[in-house]
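Let's take a walk through this model together, helix by helix. Keep the structure open beside the text and turn it as you read.

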Amino acid sequence: MNSPTIPSATGLRAALSREIKTGELLRALIVVGPMVAAYFIARETALLNLGLVAVSLLIPALRLHLPPKVIAWHCLAILITFAALFLAAPVKPLFVVLTALAGFLAVAVTRYGEHFRTLGNWVFIPAVYLACEVREGVSASEALRHAGVIIVSSPIALALVCAIQVYDQRRRDAGAATSFGPPAAEWFLPAAATAMAVFAAAALVEILDLAQGQWVMWSAASVVVGDLSASTGKLKQRAIGALVGVPLGFLAGIVLPQSRIGYALAVLAATLTLISFSRYIVGFGLRCFFIALAASFAGGASGIAEERIVNVLIGGTFGLVAVALTEIVWLRVIRKARSSG
């Protein structure tokens with residue numbers, strides 16, 4: 001009687017083990033969990049945002065086997081970029097230019113090693129996200145205080161990530177050394193495409209004063225992953241994740257009562273999705289779900305579903321157009337060089 005259920009249970013466990021990176025999930029919980037606990041004690045929202053800094057440090061540290069010294073430099077790069085964008089935000093043209101420059105540099109560093117793209121991405125993403133998030137719906141003085149709490153508290157996130165790395169390095173084989181890979185042969189084209197996409201996205205956000213504009217800029221940069229075919233595939237995954245995850249999170253938020261505990265746990269879960277899943281589409285879909293759920297718990301989900309989906313699609317489209325334009329221009333340059341030769 002029970003024999004048919006055994007293979008199905010085994011299959012479910014195997015499927016979950018393939019989808020969920022258990023080791024990375026536990027490590028992320030160790031570095032982000034204390035921020036959520038501190039939020040409950042201090043009732044300081046900035047501590048939840050600090051969780052994004054922590055997981056942004058953890059992802060490259062685990063993937064590239066970074067030593068604490070490099071993690072510290074990574075943390076400094078995030079804080080400097082965040083501070084520059086935050087301070088530039090009131091001057092819209094300056095903010096647009098600096099955001100595009102940050103997008104360019106995030107990819108241009110692959111000139112010194114292709115795996116620097118991971119570090120570049122995880123400087124750009126938290127810096128842009130926090131520069132927008134911290135100012136969303138609050139006064140200038142409150143936003144400045146919020147930013148100050150993040151910067152002052154950042155050594156806590158750094159210490160937790162470094163502690164995990166030191167522990168892992170003691171257990172790891174000596175052969176697992178830090179490696180940034182060979183220099184990327186074609187770094188300028190994707191860097192230029194990223195800068196174009198982010199510039200257009202940031203300009204649109206500032207001109208139209210779009211809410212949650214960080215999602216437009218984040219999507220614009222994240223879609224630039226290679227040639228047009230690869231970028232189209234990335235946009236499809238993001239579109240599916242947003243179209244499925246956001247409405248489901250919104251619906252779940254309608255059923256569940258608003259609560260501070262629910263909000264904090266939803267933010268924690270959304271942060272953990274950045275590192276915990278093998279397939280991008282699953283992680284992004286769940287991230288959209290939990291962010292929409294967090295907005296519902298906070299009592300501000302009336303337009304979240306539409307905003308999030310539209311922002312993802314607009315930003316991804318900018319990224320796709322930028323990749324197409326740079327490919328067309330590059331092909332013309334090659335043809336001219338060959339014809340003149």
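**A tour of the helix pairs**

A good place to start is where helix α11 (residues 260-272) and helix α12 (residues 280-297) meet: their axes come within 8 Å and cross at roughly 160°. Since angles over 145 degrees count as roughly antiparallel, α11 and α12 are therefore roughly antiparallel to each other. Their crossing is left-handed. Please bear in mind throughout that this is a predicted model.

If you zoom in on this pair, you will find G262, Y263, A266, V267, A269 and A270 on the α11 side, touching R287, F290, I291, L293, A294 and F297 of α12. Sorted by class, the contact of α11 with α12 has ten nonpolar residues, one polar and one charged.

Now follow α12 itself. Its 18 residues should span 26 Å at 1.5 Å a residue, and the end C-alpha atoms are 25 Å apart, so the expectation and the model agree. Its buried residues are G283, F284, G285, R287, C288, I291, A292, L293, A294, A295, S296 and F297. Among the α12 residues that meet α11 is R287, and R287 is also on the buried list. After α12 comes G299, with a positive phi near 80°.

Next, move back along the chain to helix α8 and helix α9. The axes of α8 and α9 are 8 Å apart, and the two helices pack at an angle of about 165°. That makes α8 roughly antiparallel to α9. The crossing of α8 and α9 is right-handed. On the α8 side the contact is made by T194, A197, V198, A201, A202 and V205, and on the α9 side by V216, M217, A220 and A221. These residues divide into nine nonpolar, one polar and no charged.

Helix α8 (residues 188-208) passes the length check too: 21 residues at 1.5 Å each should span 30 Å, and the end C-alpha atoms are 30 Å apart, which agrees. In α8, the buried residues are A191, A192, A193, T194, A195, A197, V198, A201, A202, A203, V205 and E206.

What happens to the backbone just after α8? There, D209 takes a positive phi of about 55°. A little further on is Q212, in the loop between α8 and α9. Although Q212 is not a glycine, its phi is positive, at about 55°. Q212 has a relative accessible area of 12%, so it is buried, given that the cut-off for buried is under 20%.

From that loop, step into helix α9 (residues 214-222) and look for S219. Is S219 buried or exposed? Its relative accessible area is 0%, which means that S219 is buried. Leaving aside its neighbours within four places in sequence, S219 is in contact with R238, N311, V312, G315 and G316.

One of those partners, R238, leads us to helix α10, where R238 is among the buried residues. The 28 residues of α10 (residues 228-255) should span 40 Å at 1.5 Å a residue, and the end C-alpha atoms are 41 Å apart, which agrees. Along with R238, the buried residues of α10 are S231, K234, L235, A239, G241, A242, G245, V246, G249, A252 and G253.

L235 of α10 deserves a stop of its own. At 12% relative accessibility, L235 counts as buried. Not counting residues up to four places away in sequence, L235 touches V223, V312, G316, T317 and L320. V312 and G316 may look familiar, as S219 is in contact with them too. The C-alpha atoms of L235 and M217, 18 residues apart along the chain, are separated by 13 Å.

Our last stop is helix α3 (residues 46-64) with helix α4 (residues 68-88), which pack at an angle of about 140° with their axes 10 Å apart. That makes α3 oblique to α4. The crossing of α3 and α4 is right-handed. S56, L57, P60 and A61 of α3 make the contact with I71, H74, C75 and I78 of α4. By class, the contact of α3 with α4 has six nonpolar, two polar and no charged residues.

In the loop between α3 and α4 you will find H65. H65 is not a glycine, yet it has a positive phi of about 55°. With a relative accessible area of 24%, H65 is partly exposed.

Methods: Residues are numbered from 1 along each chain as its sequence is written. This is a predicted model: local features need pLDDT of at least 70, side-chain atom pairs count only at pLDDT 80 or more; totals for chains, interfaces and linings use all residues. Side-chain values use heavy atoms; hydrogens and water are left out. Helices (H or I, at least four residues) and strands (E, at least two) are DSSP runs, numbered from the N terminus. The expected span of a helix is 1.5 Å times one less than its number of residues. Buried means under 20% relative accessible area, exposed over 50%, partly exposed in between (1.4 Å probe, protein chains only). Axes are lines fitted to C-alpha atoms, for helices over the stretch in contact, and angles run from 0 to 180 degrees between N-to-C directions. Angles under 35 degrees count as roughly parallel, over 145 as roughly antiparallel, 65 to 115 as roughly perpendicular and the rest as oblique. A crossing is left-handed if the near helix is turned anticlockwise from the far one by less than a right angle, and right-handed if clockwise. Contact means heavy atoms within 4.5 Å. Ala, Val, Leu, Ile, Met, Phe, Trp, Tyr, Cys and Pro count as nonpolar, Asp, Glu, Lys and Arg as charged, and the others, Gly among them, as polar.
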